[in-house]
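Hi,

Here is the structure I said I would pass on. Have a look at it first, and my notes on what turned up follow below.

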Amino acid sequence: MKFFPLVWANLTRHKRRTVLTTLSVALALFLFASLRSVLTTLRAGAEVGSESRMIVQSAKAIVFFLPMSYRERLLAVPGVQAVTWADWFGGVYQDPKNFFASFAADPESYLDMYRSDFTLPADQRAAFIKERTACIVGQHLLEKYGWKLGQNVTLQGTIFQGDWTFTIRGVYHATSPAFSEDALMFHYEMVYERYPGWVQPGWYVLQLKDPSLAPQVAAAIDSEFKNSSDPTKTGTERAFNAGFVTMWGNVSFLMDSIGMAVVFAILLVAANSMMLSARERTNEVGVLKTVGFSDRLLFGLVMAEASTIALGGAVLGLGAAKALYRPTGFSAMGFLPGFDVTAGTLALGLGIAVVLALASGLVPAWTAARLSAVAALRHVE
Amino acid sequence: MALVSVRGLTKSFQRDSQPITVFDGLDLEFAEGSFTALMGPSGSGKSTLLNLIAGLDQPTSGTVTVGDAVVSAMGPGALAVWRSRHVGFVFQSYNLLPVLTAYQNVELPLLLTRLSKAERHDHVMTALGVVGLTDRAEHFPRQMSGGQEQRVAIARAVVSDPTIILLDEPTGQLDARSAAEVLELLQRLNREFHKTIIMVTHDPHAAQAAGMTLHLDKGVLTA
């Protein structure tokens, strides 16, 4: 500890440079934590879906509707206990940038299907089911826009054109990490009535009597509709979520590789700045050696400087990422529910900081240790 | 009695692939408690000799002994420890660390000891008192005159009560008045505290302050 004032004095020699270098490291690790958290959240989402629920979607693509008549036929498939359906709405609130997950669903059957994934007070549930123009919203979405229970909210449709006004009759709390609180749900009848000849269910959700029946049920359903004009693709909810992650596959790769390249570039700049700072003080290394500072001690002092900057930047960057996302309920407009910087990401970020400290500190520390006092004293910038 | 003994000292090095011989079998002694000025033209080997006595440089052959320590036979680690306890070095350009206060600069050699913070404080204030700069303890080098900086450097050199004080042109960058103050201080250290001092200088006035003057020319003792 008695050498700390010396380390600190050297770090504050060029305050602006030290602050900027530390902020560079912090920014790089903040970006790293953010990008990696997108990937870990996506992967986690693929693992938390239910195994006892199945999703039936169009075999052509998820953007194609399935006939409403399928509902009764799906319910008749052995092993299926309940059926519900929904449509992606894709509306915005007041401004295109205010985009969040919104969808139309059959209220009663949908709430029953997902009753284990969120909580909704009984009186609010009843009010929502009773009123055709009602909607329910997630707690986080309600807080984000400062809405109140009973308030009318008008969305502008992007797929289903026009203004759509709903009355908030319920506010739900997610109990499953895969269920987003950044969503709005309203009655399927609303869109069906405005677009009667076009709108059909976008996807069906099935509740199985027994999760082990999933392969047989999927085979039976897809087989039944195989030769129809609207063939189906059936899988467990978990597989459905995993499918989304697969769709993100190339994006993930790009984020991973470009993001890491950016992080690496910033770290190189920071490392160069740290090495420059040490090189400028070669003459002082000679003075300290003359006073009696050993090679080992000088090595340690230079490494301590590099470590302070790298670890200081890590604490700032990783700490900011950890403090920013989870407490503010960030979920990328509902597309990344449960978004959080995991302990694994923090550990990896800290590992990068240690590598940075070694990479930027080892060369000047080794040089300072190996340089003879006379050579160091003769050094002229 | 000789405190510093140089025997058969040879020092040569390469410059642009040309071998340069600075010393070729130099024999020399410095008595304990003496104040010696080393004079000579540039390139005569004065500073090199000082570096060899301080253990900052290694001879090609021969021995350098200071007290009981054979400096020329020590490894880098042992030399660092020995220097911290036995050598006080003063440079022409002061070489104070600009980011440290006068107090912190003087404290540097004591950081290598087992002294407590309070003990270090006492030593530092005593050394600053000897050079007459206790009121400048919290000043940074840029806030002091050249003469004051050099006195802080001398305080740093004496704070650990070294066996020998080596000075490389300590008045070279000072005006006449500051130079006189520094020389008076060195005389006091020699007279009152019985410090053995070896001072390299070009200045005949500075040499007069020393008890003895040795002249080096092309690595050979001429007087």
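In chain A, strand S2 (residues 80-88) runs antiparallel to strand S5 (residues 101-105), and the two pair over three bridges. One of the partnerships there is A:Ala86 with A:Ala105 in S5(A). S5(A) also pairs with strand S10 (residues 183-187) of chain A, this time in the parallel sense and over five bridges. If you look along S10(A), you will find A:Met185 opposite A:Phe103. S5(A) is mostly covered, with four of its five residues buried. Do keep in mind while browsing that this is a predicted model.

Stepping back to chain A as a whole, there are 14 helices and twelve strands. The chain has a radius of gyration of 29 Å, whereas a compact globule of 381 residues would come in near 21 Å. Its C-alpha atoms fill a box of roughly 90 × 45 × 30 Å along the principal axes. Of the 381 residues, 39% count as buried. Taking contacts in chain A between residues at least 6 apart in sequence, 83% join residues at least 24 apart.

Now for the cores. The largest nonpolar core has 110 residues, and those with the most contacts inside it come from both chains: A:Val25, A:Leu29, B:Ile53, B:Ala155 and B:Leu166. Helix H12 (residues 295-325) of chain A is the top contributor to this core, giving eleven residues. Another core, of 51 residues, lies apart from it and has A:Ile55, A:Tyr70, A:Val80 and A:Ala104 among its members. As for B:Ile53, leaving aside residues up to four places away in sequence, B:Ile53 touches B:Val4, B:Val64, B:Val66, B:Leu166 and B:Ile198.

Then the place where the chains meet: 16 residues of chain A are in contact with 20 residues of chain B. On the chain A side, the elements giving two or more residues are helix H1 (4-11), helix H11 (282-291) and helix H14 (373-378). H11(A) gives the most, with four residues. By class, that side of chain A has eight nonpolar, four polar and four charged residues.

H11(A) deserves a closer look. Eight of its ten residues are buried, so H11(A) is largely enclosed by the rest of the structure. The buried ones are A:Glu284, A:Val285, A:Gly286, A:Val287, A:Leu288, A:Lys289, A:Thr290 and A:Val291. What covers them? From chain A the cover includes H12, helix H13 (343-370) and H14, and from chain B it includes helix H1 (46-54), helix H2 (76-86) and strand S6 (87-90). Right after H11(A) comes A:Gly292, which has a positive phi, near 125°.

Over in chain B, there is an open sheet of six strands with mixed pairing, in the order S6-S7-S8-S3-S9-S10. S6(B) and strand S10 (220-221) of chain B stand at the edges with a single partner strand each, so one side of each has no neighbour in the sheet. Helix H5 (residues 146-158) of chain B packs on the sheet, where it touches S6 and strand S7 (164-168) of chain B, and its direction makes about 165° with that of S6(B). Elsewhere in the sheet, strand S3 (residues 35-39) and strand S9 (residues 212-217) of chain B pair in the parallel sense over four bridges. Among the partners there, B:Leu38 is matched with B:Leu214 in S9(B).

Cheers

Technical notes. Residues are numbered from 1 along each chain as its sequence is written. Chains are lettered from A and ligands numbered from 1 in the order in which they are written. This is a predicted model: local features need pLDDT of at least 70, side-chain atom pairs count only at pLDDT 80 or more; totals for chains, interfaces and linings use all residues. A nonpolar core is a set of buried Ala, Val, Leu, Ile, Met, Phe, Trp, Tyr and Cys residues joined through C-beta atoms within 7 Å. A residue is buried if 20 or more other C-beta atoms lie within 10 Å of its own, exposed if 12 or fewer, and partly exposed in between; C-beta atoms are placed from the backbone. Two residues are in contact if their C-beta atoms, placed from the backbone, lie within 7 Å. Ala, Val, Leu, Ile, Met, Phe, Trp, Tyr, Cys and Pro count as nonpolar, Asp, Glu, Lys and Arg as charged, and the others, Gly among them, as polar. The radius of gyration is taken over C-alpha atoms; the globule rule is 2.2 Å times the number of residues to the power 0.38. Two strands pair if DSSP finds at least two bridges between them. Axes are lines fitted to C-alpha atoms, for helices over the stretch in contact, and angles run from 0 to 180 degrees between N-to-C directions.
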